[in-house]
Amino acid sequence: MDVPLWLALIVVGVLGYKLIRPPLWLVAVILLGGYLLADSFIAPLIDPITK
């Protein structure tokens, strides 16, 4: 099943926020950072770790 990256980030963010209750700005920074890393030149280095 192919899930768009933006949808997966939203689901992870909502679940993480409901379970842990971190500050909302921290959730936004982590999600934005992950999204930007996924499209960067570092992505090929991260890809083997996530599989």
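**Exercise 1. In what order do the elements of the chain run from the N terminus on?**

Before we start: this is a predicted model, where local features need pLDDT of at least 70, side-chain atom pairs count only at pLDDT 80 or more, and totals for chains, interfaces and linings use all residues. Residues are numbered from 1 along each chain as its sequence is written, and side-chain values use heavy atoms, with hydrogens and water left out.

Step 1: Count the elements. You get three helices and zero strands, taken as DSSP runs numbered from the N terminus (helices are H or I, at least four residues; strands are E, at least two).

Step 2: Read them off: α-α-α.

**Exercise 2. Work out what percentage of the chain's residues count as buried.**

Step 1: Fix the terms. Buried is under 20% relative accessible area, exposed is over 50%, and partly exposed lies in between (1.4 Å probe, protein chains only).

Step 2: Apply them to the 51 residues, and 6% come out as buried.

Step 3: Look at the outside. About 4,500 Å² is exposed, with carbon and sulfur atoms supplying 76% of it.

**Exercise 3. Place methionine 1 and leucine 15, and say how exposed each one is.**

Step 1: Methionine 1 sits in the segment before α1 (5-20). With a relative accessible area of 95%, methionine 1 is exposed.

Step 2: Leucine 15 belongs to helix α1. Its relative accessible area is 49%, so leucine 15 is partly exposed.

Step 3: Now go from leucine 15 to glycine 34: they're 19 residues apart in sequence and 16 Å apart in space, C-alpha to C-alpha.

Conventions:
Areas by Shrake-Rupley, 256 points an atom, 1.4 Å probe, with all protein chains shown as cover.
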